[in-house]
Amino acid sequence: MELRSTGSGLERRFARSPGREIKVEGRRAMDAREACKRWRGCNIAGQFAAGVARRAPIERRGTMEKRMPPTPQPGIMEIALYQGGQSALPGRDDVIKLSSNENPYGPSPKAVEAYGRAAYRLHRYPSTDHLSLRTAIAEVHGLDPDRIICGVGSDEIIHFLCQCYAGPGDEVLHTEHGFAMYRISALAAGATPVEARERERVTDVDALLAAATPRTKLVFIANPNNPTGTMIGGNEIARLADGLPDGAILVLDGAYAEFVDGYDGGVSLVDGRDNVVMTRTFSKLYGLGGLRIGWGYGPQGIIDVLNRIRGPFNLSQAQLDAAEAAVRDREFAETCLAGNRRMRAWLAEALAEKGVPSDTSCANFILARFADEAEAEACDAWLKEAGILVRKVAGYKLPHCLRITVGDEAACRRVAHAVGQFKDARA
Ligand SMILES: Cc1ncc(COP(=O)(O)O)c(C=O)c1O
């Protein structure tokens, strides 16, 4: 019997000799189990070991190769893969990661405990309605739990919004330096992403209103924005919501809303209108980026629509339990907020003293500005040499900037020191 797989472009041939002995590529003899171990990742391997392998004849596969290749939906091939923050440097185990706006203090110990407890119930399907988590969020933020939807990160809520409200011929508006997922999710829905310029790295409501057309179905603004760290006030957001064409939804992305003292993330704007939705995340303040939990809050009609395409088991019980424990642990959240407040001011000042300015940040990162792209690139390389990872943001049309997450005190001191050394070396 002869088997052939072209699964990964790599052709392998198994020629089976009598009994369980197998020759691989005509060179070596081994038993079936061993051969299958080497053919890792291919389902046929297990079946083959059991002696039940069945494959389409090679001639038929030849015919299939002549067929028209499957064509993805319009827009999909325009999507550039999302670039996450680098997390490791080869050969170094003392790396400081300031590239993904994570919580330097980690998750709440209560969230970790809840996650651990969930391990004993892995055989059970999770809740489909997320009632317990929605109730906790509603209690903490003073919201109606029925108008909350939970997702696999707020990314999933952004995705639901685009899938439900935008399609071919529609436009999805976002700001010049807006979060990458707005464009990705718009394209995935077949819609056209449209960009409105910002004013000195700040959302410009006039530019957004000027760019809105009857085709505009969604307008995304992050407030505070990533990667700029800037934000606009409630009156400006209200002016935007009220000036949009009929049928357009304003999405207030509040991934960093918790870091702004006294800001409700737009709750009052959502409550007073039928065209505003707010998204939030457990990835930043709550230190659960690795677990993927986010939520949205909006008019009942919109939340009901989004729930129609939400997978019934989109969140695991471990995600739900950890998030609930995290949002209820106000003491831990307050400690993290205080740390961010203190170190954000310190870092901004320390960098400014070294000749690296930044806009006043309302989030848990600082957008450090350099003279030009070459200097930003050189500083990034210098920091890597020092074992520090920050985020290059050329993809956000800010090639002369580096986004630096506000770490704990040790991390902030180390990055400020390294940037200072870099500037001194170039003076
Ligand atoms: C502005 C903004 N919105 C949304 C997200 C997505 O967050 P998550 O999917 O982790 O909840 C991020 C993550 O970096 C972000 O910066």
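## Close-up views of the model

**View 1. Cys-401 in β16 is the bridge partner of Arg-369.** That bridge belongs to the pairing of β13 with β16 (residues 401–405), which is antiparallel and runs over 5 bridges. Pairing here calls for at least two DSSP bridges between two strands. Strands are DSSP runs of E with at least two residues and helices are runs of H or I with at least four, both numbered from the N terminus. Zoom out a little and you get an open, antiparallel sheet of 3 strands, ordered β13-β16-β15. Its edge strands, each pairing on one side only, are β13 (365–369) and β15 (391–392). A note for every view: this is a predicted model, where local features need pLDDT of at least 70 and side-chain atom pairs count only at pLDDT 80 or more, while totals for chains, interfaces and linings use all residues. Numbering starts from 1 along each chain as its sequence is written.

**View 2. Strand β10 is tucked away between its partners.** 5 of the 5 residues of β10 (residues 249–253) are buried, so the rest of the structure largely encloses this strand. Buried means 20 or more other C-beta atoms within 10 Å of the residue's own, exposed means 12 or fewer, and partly exposed is in between, with C-beta atoms placed from the backbone. Side chains in a regular strand alternate between the two faces of the sheet. Ile-249, Val-251 and Asp-253 point one way from β10, Leu-250 and Leu-252 the other, and all are buried. β9 pairs with β10 in the parallel sense over 5 bridges, and Leu-218 sits opposite Ile-249. To get from β9 to β10 the chain goes through α9, in a right-handed β-α-β crossover; right-handed means that, with the strands pointing away from the viewer, the path from the first strand over the helix to the second runs clockwise. β10 also pairs with β11 (residues 276–281), again parallel, over 4 bridges. There, Leu-252 has Met-278 as its bridge partner.

**View 3. The loop between β9 and α9 holds Pro-224 and Pro-227.** Most peptide bonds are trans. The bond from Asn-223 to Pro-224, however, is cis, with omega near 0°. The one from Asn-226 to Pro-227 is cis as well, with omega near 15°. For orientation, β9 covers 216–222 and α9 covers 234–243.

**View 4. Asn-101 has a positive phi, near 55°, without being a glycine.** Its loop runs between β5 (96–97) and α4 (109–118). Asn-101 counts as buried because it has 23 C-beta neighbours inside 10 Å. Glu-200 is another non-glycine with a positive phi, about 50°, in the loop between β8 (192–196) and α8 (205–211). Glu-200 has 8 C-beta neighbours inside 10 Å, so it counts as exposed.

**View 5. The ligand has 13 residues around it.** Coming nearest are Gly-153, Asp-155, Asn-226, Thr-281 and Ser-283; a residue is near if its C-beta atom, placed from the backbone, lies within 6 Å. Helix α6 (residues 153–165) gives the most to this shell, 3 residues. The shell splits into 3 nonpolar, 8 polar and 2 charged residues (nonpolar: Ala, Val, Leu, Ile, Met, Phe, Trp, Tyr, Cys and Pro; charged: Asp, Glu, Lys and Arg; polar: the others, Gly among them).

**View 6. Ala-189 sits in the loop between α7 (180–188) and β8.** With 24 C-beta neighbours inside 10 Å, Ala-189 counts as buried. Leaving out residues up to four places away in sequence, Ala-189 touches Cys-162, Gln-163, Ala-166 and Gly-167 (contact: C-beta atoms, placed from the backbone, within 7 Å).

Key. Contact = placed C-beta atoms within 7 Å.
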